[in-house]
Amino acid sequence: MSEQDGSAIIDQYKQAFQPRQSGNQPYAIVTVSVICAETTEQAHRIATSSLVWKIQQDKMEAKVCLLLKKRPAIRLQKKKRKMKKMK
């Protein structure tokens with residue numbers, strides 16, 4: 001979501017909070033995503049694949065999430081062309 005100071009962002013949210021109903025209090029949930037792989041390169045490929053899938057999902061185009069093995073940019077271009085043909 002952000003590379004900024006998470007504590008400061010949550011504090012700002014709490015200070016600006018305006019309850020919809022009497023008695024409501026601000027609360028926040030913090031999550032962390034982690035990608036594990038045998039090498040940093042493999043972790044980057046997995047992260048790239050995950051990001052591509054998320055972008056496609058946001059555009060309602062997610063069909064199948066495939067791990068990008070070699071040359072992610074070229075594979076992404078081929079996949080985009082294939083998806084356009086399927087429409």
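Me: I'm looking at helix H2. How far apart in the sequence are Arg45 and Glu41, and where do they lie?

Reply: Both of them lie in helix H2, which covers residues 40-58, and they are 4 residues apart, or about one turn of the helix. Keep in mind that this is a predicted model.

Me: Okay, what do Arg45 and Glu41 form?

Reply: Here's the general idea: side chains of opposite charge can pair when their charged atoms come close. In this case Arg45 forms a salt bridge with Glu41, and the closest N and O atoms are 2.5 Å apart.

Me: How many salt bridges does the structure hold?

Reply: Just 1 salt bridge.

Me: Does a label like buried, partly exposed or exposed fit Arg45, and why? Which one is it?

Reply: You read that from relative accessible area: under 20% is buried, over 50% is exposed, and partly exposed is in between. Arg45 has 28% relative accessibility, so it counts as partly exposed.

Me: And Ala47, where is its place?

Reply: Ala47 is in helix H2 too. At 30% relative accessibility, Ala47 counts as partly exposed. Have a look at Ile35 as well: Ala47 and Ile35 are 12 residues apart in sequence, and their C-alpha atoms are 7.0 Å apart in space.

Me: Let's switch to rings. How many aromatic pairs does a search of the whole structure find?

Reply: That search finds 1 aromatic pair. Its rings belong to Tyr13 and Phe17, with centres 6.0 Å apart and planes at 70°, so the pair is edge-to-face.

Me: Which two things describe a pair of aromatic rings?

Reply: The distance of the centres and the angle of the planes. Planes over 60 degrees apart count as edge-to-face, and the planes of Tyr13 and Phe17 are at 70°.

Me: Are Tyr13 and Phe17 buried or exposed?

Reply: Somewhere in between! Tyr13 has 34% relative accessibility and counts as partly exposed. Phe17 is partly exposed as well, with a relative accessible area of 25%.

Me: Now zoom out. How many helices and strands does the protein have?

Reply: You'll find 3 helices and 0 strands. Following the sequence along, you read the pattern α-α-α.

Me: What share of the residues counts as buried?

Reply: The protein has 87 residues, and 8% of them count as buried. As for the surface, the protein exposes about 8,300 Å², with carbon and sulfur atoms supplying 53% of that.

Me: One last thing: what share of the contacts with a separation of 6 or more comes from residues 24 or more positions apart?

Reply: Those residues account for 13% of such contacts in the protein.

Note on methods
Residues numbered from 1 in each chain as written. Predicted model: local features only at pLDDT ≥ 70, side-chain atom pairs only at ≥ 80, totals over all residues. Heavy atoms only, no water. Phe/Tyr/Trp six-rings, centres within 6.5 Å; stacked < 30°, edge-to-face > 60°. Buried < 20%, exposed > 50% of the residue type's maximum accessible area, 1.4 Å probe, protein only. Salt bridge = Lys/Arg side-chain N within 4 Å of Asp/Glu carboxyl O. Helix = DSSP H or I, 4+ residues; strand = E, 2+ residues; numbered from the N terminus. Contact = heavy atoms within 4.5 Å. Areas by Shrake-Rupley, 256 points an atom, 1.4 Å probe, with all protein chains shown as cover.
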